[in-house]
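Hi everyone, thanks for making time for this one. Please pull up the sequence and the structure, and we'll walk through them together.

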Amino acid sequence: MGFSFVGQVALVTGGASGIGLATVNAFAEAGASVAVVDINAQAARAVAAGLIEAGYQAIGLGCDVADTEQVHATVKETVAAFGRLDAAFNNAGIQNLLAETADASAEDYDRVMAVNLRGVWNCMKFELQHMRGQGSGTIVNCSSLGGLVGGAQRGNYHAAKHGVIGLSKSAALEYAARNIRVNAVCPGLIWTPMAEQMVAAGQGDALAGMTQAIPMGRHGKPEEIADAVLWLSSNRSTYVTGQSISVDGGFIMR
Ligand code: NAI
């Protein structure tokens, strides 16, 4: 399915790697001007430079989504560069350190919540301030299958990802009658640098076991999440808001 975002502006956090990078590329190929936002400023700028070289419109911005002022500045810079903000994909996220609840550290809780939940809150706040004035916009937040079920030793991550769905539904309600839609996407196991880091951290057996439990029998590709994000951001989903769409090879259905 081809979507057109010609004349539109998209902002993607965590845009320098994995799911975010695939979505950045998809938005650019669909005609959007894209703000590539990442805590790795150098990588964000390199992605944007590659897109510009290929004839697309892009800007690379370094930003820690956990920092409210940095997020505010990033949204302002995006609007200053391209004049508007039509579609945001709040995707930046990190894993927790594996630990059962009795042993998990407060530092890990704060770190994961700051990026995975406060980060989404920060982004929505300033994106919505702009979209509210503009009178239009779409937001897709990146939750996870971890936003729908529990996960032993993964409580901090799963709690944050459940929270993303709560924030998304609440904002969707607030703006439903104001031409702004807010949805969440819940990826299953997607092969990205994050998945490779989990293998490197000794979680390879767990991921292999999980892959066996996926009804489709395989992990997903970042581009398969990008397709869902573009649909949710496009004018082909105009009656869809407040939803959490699983893109997981059928993993969560049982
Ligand atoms: P990744 O690790 O490949 O990419 C994440 C990007 O986010 C990196 O470029 C990183 O620099 C950036 N980032 C990290 N912290 C940041 C911060 N504080 N501010 C701005 N940028 C920051 O990860 P992947 O796999 O592409 O994950 C993207 C999202 O998808 C995350 O929210 C993750 O929780 C979620 N997800 C991933 C799944 C998977 O199997 N890969 C499954 C379910 C959800």
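I'll start with the sheet, move on to its middle and the helices on it, and end with salt bridges and a few loop residues.

First, some housekeeping. This is a predicted model, where local features need pLDDT of at least 70, side-chain atom pairs count only at pLDDT 80 or more, and totals for chains, interfaces and linings use all residues. Residues are numbered from 1 along each chain as its sequence is written, and side-chain values use heavy atoms, with hydrogens and water left out.

Now the sheet. When I say helix or strand, I mean DSSP runs numbered from the N terminus: H or I with at least four residues for helices, E with at least two for strands. Two strands pair if DSSP finds at least two bridges between them. With that, 7 strands make an open sheet, ordered 3-2-1-4-5-6-7, with parallel pairing. Strand 3 (58-62) and strand 7 are at the edges with a single partner strand each, so each has one side without a neighbour in the sheet. From one strand to the next, the twist averages 15°; axes here are lines fitted to C-alpha atoms, for helices over the stretch in contact, and angles run from 0 to 180 degrees between N-to-C directions.

For one example of the pairing, strand 1 (residues 9-13) and strand 2 (residues 33-38) run parallel and are joined by 5 bridges. There, Leu11 stands opposite Ala35 of strand 2. Helix 1 packs on the sheet, where it touches strand 1, strand 2, strand 4 and strand 6, and its direction makes about 170° with that of strand 1.

Let's go to strand 5. How many of its residues are buried? The count is 6 of 6, where buried means under 20% relative accessible area, exposed means over 50%, and partly exposed is in between, using a 1.4 Å probe and protein chains only. Gly137, Ile139 and Asn141 point one way from the strand, while Thr138, Val140 and Cys142 point the other way.

On one side, strand 5 runs parallel to strand 4 (residues 87-90), with 4 bridges between them, and Ala87 stands opposite Thr138. Between these two strands the chain passes through helix 4 (residues 106-134), in a right-handed β-α-β crossover. Right-handed here means that, with the strands pointing away from the viewer, the path from the first strand over the helix to the second runs clockwise.

Strand 5 also pairs with strand 6 in the parallel sense, over 6 bridges, and Ile139 has Val182 as its bridge partner there. The crossover from strand 5 through helix 5 to strand 6 is right-handed too.

Take a closer look at Thr138, which is buried at 7% relative accessible area. Leaving aside neighbours within four places in sequence, its contacts (heavy atoms within 4.5 Å) include Asp86, Met131, Arg181 and Leu232.

Leu232 belongs to helix 7, where it is among the buried residues. Helix 7 (residues 222-233) has 12 residues and spans 17 Å from first C-alpha to last, close to the 16 Å expected, which is 1.5 Å times one less than its number of residues. Its buried residues pack against helix 1 (18-29), strand 4, strand 5, strand 6 and strand 7 (244-247).

Next, the charges. The structure holds 3 salt bridges, each being a side-chain nitrogen of Lys or Arg within 4 Å of a carboxyl oxygen of Asp or Glu. Arg84 meets Asp86 at 2.8 Å, N to O; Arg84 is partly exposed at 31%, whereas Asp86 is buried at 8%. Asp108 and Arg111 form another, also at 2.8 Å, and being 3 residues apart in helix 4 they are separated by about one helical turn. Asp108 is buried at 4%, while Arg111 is partly exposed at 35%. Glu224 and Arg218 are joined as well, at 2.8 Å.

Finally, the backbone. Most residues other than glycine have a negative phi. Where does Gln153 sit, then? Gln153 is in the loop between strand 5 (137-142) and helix 5 (155-175), and its phi is positive, near 70°. Asn179 also has a positive phi, about 65°, and lies in the loop between helix 5 and strand 6 (180-187). Gln153 is partly exposed at 39%, and Asn179 is exposed at 53%.

That's my tour, thanks for listening!
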